[in-house]
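Good morning, and thank you for coming. I should like to take you through one structure this morning, and I ask that you keep it in view while I speak.

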Amino acid sequence: MTSDHAMLALEGIGLRIGGARILEGVSLEVPAGQMLGVIGPNGAGKTTLFNVVSGVVRPTAGRVVLDGVDVTREPVHRRATAGLGRTFQTSSLFPELSVLENVRLAAQARLGGATSLVRIPRAGDAATTRALDCLEEVGLAHRADAEASGLAHGEKRKVEIAMLLAQDPKAILLDEPMAGVASGDVPAITEVIRRLHRGGRTVLMVEHHMEVVLGLVDRVAVMHHGELLAVDTPEAVMANPTVQSAYLGEAM
Ligand SMILES: Nc1ncnc2c1ncn2[C@@H]1O[C@H](COP(=O)(O)OP(=O)(O)O)[C@@H](O)[C@H]1O
Ligand SMILES: [Mg+2]
């Protein structure tokens, strides 16, 4: 595996729903190991693009290629098995289970075998060990026995990232990982994301906190009205007059 092959390639992605043009001509390559930030005004199509990549929505034009394999027609679970992980804007934890059990379920799914709540987790079984490692990686091992419903927003985000790690994805989509997170927790979650990336994973991240985006990513893709305006280094994107005018009068 060379370091500059495309982990994810989007080729001319278009999406029309009814008469509405939601996405148009989106072409993009994300080399293996890169972190790409996706920015753009509200309604620009960022979440929809992630839905197309993860398989929640099928595009009406174009191809999605994951690690060299055309997955355009593959359902969500097949893309997940092929190494694509994602988080959602809203929390996807089982509230009544412990932090450890939530992550263990994700680990079980990856390790194969029955995903069962009935089976008593044993300390030292493979899924439990893996779950504890992942909690360690996001700095939440000390909360393993806490009930998920009792966590602060920032902690929930970390658990969701631990669940992603448990599935050992090659490429990760993070849709607004800082949404709802108290500003005091932003640096810690930023650090967790930085570590994901350092581990060699390919990361695509939609995020409104520009200081987070600019401090983390290798390149920035700017979306506007369903199209890609620019894909470039953070510095070049911020200096781009087309990008600047797209934002004039529009709230991020
Ligand atoms: N299933 C759908 N049906 C109709 N319109 C949709 C659908 N999904 C998204 N849209 C529209 O597509 C546009 C892009 O939405 P979205 O991807 O959520 O933007 P962003 O995440 O950049 O804020 C919005 O105008 C939204 O209303
Ligand atoms: Mg969105």
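I will describe the sheets, then the ligand site, and then the packing of the helices.

Please bear in mind from the start that this is a predicted model.

Let us begin with the smaller group of strands. It is an open sheet of four strands, in the order β2-β1-β4-β5, and the pairing is antiparallel. At its edges stand β2, residues 20-31, and β5, residues 69-70, each of which pairs on one side only.

How many bridges hold β1 and β2 together? There are eight, and the two strands pair in the antiparallel sense. Within this pair, Arg16 stands opposite Arg21 of β2. The two strands form a hairpin, with two residues between them. If you look at the turn, you will find Gly18, which has a positive phi of about 60 degrees.

At the other end of the strand order, β4, residues 61-66, is joined to β5 by two bridges, and these strands run antiparallel. Here Leu66 has Val69 of β5 as its bridge partner.

A general remark may help you in reading any sheet. In a regular strand, side chains alternate between the two faces of the sheet.

Now I turn to the other sheet. This one is also open, and it has six strands in the order β6-β7-β8-β3-β9-β10, with mixed pairing. The edges are β6, residues 84-86, and β10, residues 227-232; each has a single partner strand, so one side of each is left without a neighbour in the sheet. On average, and ignoring direction, neighbouring strands here are turned by 20 degrees against each other.

Take the pair at one edge as an example. β6 is joined to β7, residues 171-175, by three bridges, and the two run parallel. Leu84 stands opposite Ala171 in β7.

Which helix packs on this sheet and touches β3, β6, β7, β8 and β9? That helix is α1, whose direction makes about 150 degrees with that of β7. Helix α1, residues 46-54, also lies across β1, β2 and β4, and runs at about 65 degrees to β2. Thus α1 has contacts in the six-stranded sheet and in the four-stranded one.

Helix α1 brings us to the ligand. Around ligand 1 we find Ile17, Ala20, Ile22, Gly40, Asn42, Gly43, Ala44, Gly45, Lys46, Thr47 and Thr48. Two elements, β2 and α1, give two or more residues to this shell. Which of the elements gives the largest share? It is α1, with three residues. By class, the shell has four nonpolar residues, six polar and one charged.

For the last part, we move to the helices that pack against one another. Two packed helices are described by the angle between their axes and the distance between the axes. Please keep both quantities in mind for the next three pairs.

In the pair of α3, residues 99-111, and α4, residues 126-137, the axes are 8 Å apart and the packing angle is about 120 degrees. That angle makes α3 oblique to α4. Their crossing is right-handed. On the α3 side the contact includes Val99, Leu100 and Val103, and on the α4 side it includes Ala126, Ala127 and Thr128. The residues of this contact divide into 10 nonpolar, two polar and two charged.

Helix α4 also packs with α5: their axes come within 9 Å and cross at roughly 130 degrees. Again the arrangement is classed by its angle, which makes α4 oblique to α5. This crossing, too, is right-handed. The contact is made by Arg130, Ala131, Cys134, Leu135 and Glu137 of α4, together with Ala162, Leu165 and Ala166 of α5. Of these residues, six are nonpolar, none is polar and two are charged.

Finally, consider α5, residues 153-166, with α6, residues 186-198. Are their axes roughly parallel or oblique? The axes come within 10 Å and cross at roughly 10 degrees. That makes α5 roughly parallel to α6. Gly154, Arg157, Lys158 and Ile161 in α5 meet Ala188, Ile189, Val192 and Leu196 in α6. This contact has five nonpolar residues, one polar and two charged.

Thank you for your attention.

Terms used. Residues numbered from 1 in each chain as written. Chains lettered and ligands numbered in written order. Predicted model: local features only at pLDDT ≥ 70, side-chain atom pairs only at ≥ 80, totals over all residues. Pairing = 2+ DSSP bridges. Contact = placed C-beta atoms within 7 Å. Axes fitted to C-alpha atoms, helices over the stretch in contact; angles between N-to-C directions. Parallel < 35°, antiparallel > 145°, perpendicular 65-115°, else oblique. Left-handed = near helix turned anticlockwise from the far one by under 90°. Nonpolar A, V, L, I, M, F, W, Y, C, P; charged D, E, K, R; others polar. Near = placed C-beta within 6 Å.
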